[in-house]
Amino acid sequence: MKIVIYGLTITSAWGNGHATTYRSLARALARLGHRVRFVEKDVEWYHNNRDLPEPDFCSVRLYDDWGAEERSLIREAADADAVVIGSYFPDAIVATRALLDAGHGPLLFYDIDTPITMSQLRANGRCEYLEASLIPHYSAYLSFTGGPMLQELEQRFGSPQAVPFYCSVDPTHYRPRPVQREYECDLSYLGTYAADRQPKLIRLLDGTARLLPEAGFIVAGAMYPEDVKWSRNVRRITHVSPPEHPAFYSSSRLTLNLTRDDMVAAGYSPSVRLFEASACGAAILSDDWAGLSQFLTPGEEILLPRDAQETADILTDLSDAQRLRIGDRARERILAEHTSVHRAREFEKIVSHCTATIS
């Protein structure tokens, strides 16, 4: 198949989780023999922080202005077997209309931010990258979130087919690595700043750092305000590039996973970091949310401390043997169910169903 994806970015992982998600899927699709074309707006933020300008598993079309280049941008999908519009693609609404008018498809919407999207659709009937009136025209709605939200997409917003399409991990890249001193610590967190996640990060990581002044902690990620006051034993790293993520996860005794408020409320919304850290054999501490046990079993494959004291107790009392066992179990679970090849095969089946329905 030829697959054309209009998405936020695949060339830059700076300050976003979309790039690693698209890379994982596109690379797996290429391994299965498909051709992937990725269309991305050349915005300054990503232009100045581009860590993968020319992927070897797909071709990339960068553009500056949709209005000036629309005709050629739509022609990218003229002979495609599947066309995907991704959440937060800057010109998603106008692109959808143009693709529908041109008759290219089947056209699918890939929502990497479903709970955020849904909260805005409920309130306003639209968000910056999707209008509710367009949902019935997508042959399938691929959602990062499973559970009850899929039923709402079909029954309230008219999606012909809303399916869970979780993030995935490429096991050829995300695997256990030797400890690197620059990332070595007792507890780490990797993630871009988000205002709704910050209180949990302060409580579970910085609060634990205050309780264990001799332990070492790392917070890695972009866009954190300069006025945040961290404990003296918390080290900040502004950016860890995707090729370094496995070493990062492999170098801390435990790593922390935190979830955006909208995704906690929706449930069934695993982050790509959850799968990537698991594939590296990391022992993960996480906040709790509905559906988490569908992906990792609490107490056996992941630990769920409620506050800084419980986090400190885990760091103090958990033996290395127990920690390694939790990480190994998580790795086995994710590799059995959530690799990029699993997701690529699911994509093939979804497209096949859409094509049969159209025919």
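Q: Which residues have the most contacts inside the largest nonpolar core, and how many residues does that core have?
A: This is a predicted model. Its largest nonpolar core has 56 residues. Those with the most contacts inside it are Tyr 110, Leu 142, Phe 248, Leu 274, Phe 275, Phe 347 and Ile 350.

Q: What makes another core count as another core?
A: A core is a set of buried nonpolar residues joined through side-chain atoms within 4.5 Å. A core of 36 residues lies apart from the largest one. Among its members are Val 4, Val 39, Tyr 63 and Leu 73.

Q: What does Phe 248 touch, not counting residues up to four places away in sequence?
A: Contact means heavy atoms within 4.5 Å. Phe 248 touches Tyr 183, Ser 188, Tyr 189, Leu 190, Ile 218, Ala 220 and Val 240.

Q: Why is Ser 139 called buried?
A: Buried means under 20% relative accessible area. Ser 139 has 19% relative accessibility, so Ser 139 counts as buried. It sits in the loop between strand E7 (130-131) and E8. Leaving out residues up to four places away in sequence, Ser 139 touches Pro 106, Leu 107, Pro 160, Gln 161, Cys 354 and Ile 358.

Q: How do you know that the buried residues of helix H3 are on the same side?
A: In H3 (residues 66-75), the buried residues are Trp 66, Glu 69, Leu 73 and Ile 74. They cover an arc of only 145° around the axis, so they lie on the same side of H3. On the other side, Ala 68, Arg 71 and Arg 75 are exposed. What covers the buried residues includes strands E1 (2-6), E2 (35-41) and E3 (59-63), and helix H4 (92-102).

Q: What makes the pair Asp 65 and Gly 67 a polar contact?
A: The cut-off for such a pair of N or O atoms is 3.5 Å. At the start of H3, a side-chain oxygen of Asp 65 comes to within 3.3 Å of the backbone nitrogen of Gly 67.

Q: Why are E3 and E9 called edges of the sheet?
A: The open sheet has seven strands in the order E3-E2-E1-E4-E5-E8-E9, with parallel pairing. E3 and E9 (162-164) each have a single partner strand, so one side of each is left without a neighbour in the sheet.

Q: How do you know that E8 and E9 pair?
A: Pairing takes at least two bridges. Three bridges join E8 (residues 140-143) to E9, and the two run parallel. Ser 143 stands opposite Pro 164 in E9.

Notes: Residues are numbered from 1 along each chain as its sequence is written. This is a predicted model: local features need pLDDT of at least 70, side-chain atom pairs count only at pLDDT 80 or more; totals for chains, interfaces and linings use all residues. Side-chain values use heavy atoms; hydrogens and water are left out. Buried means under 20% relative accessible area, exposed over 50%, partly exposed in between (1.4 Å probe, protein chains only). Helices (H or I, at least four residues) and strands (E, at least two) are DSSP runs, numbered from the N terminus. The arc is that of the directions from the helix axis to the C-beta atoms. A polar contact is a pair of N or O atoms within 3.5 Å; within protein, one must be able to donate a hydrogen and the other to accept it, and residues adjacent in sequence count only if both atoms are side-chain atoms.
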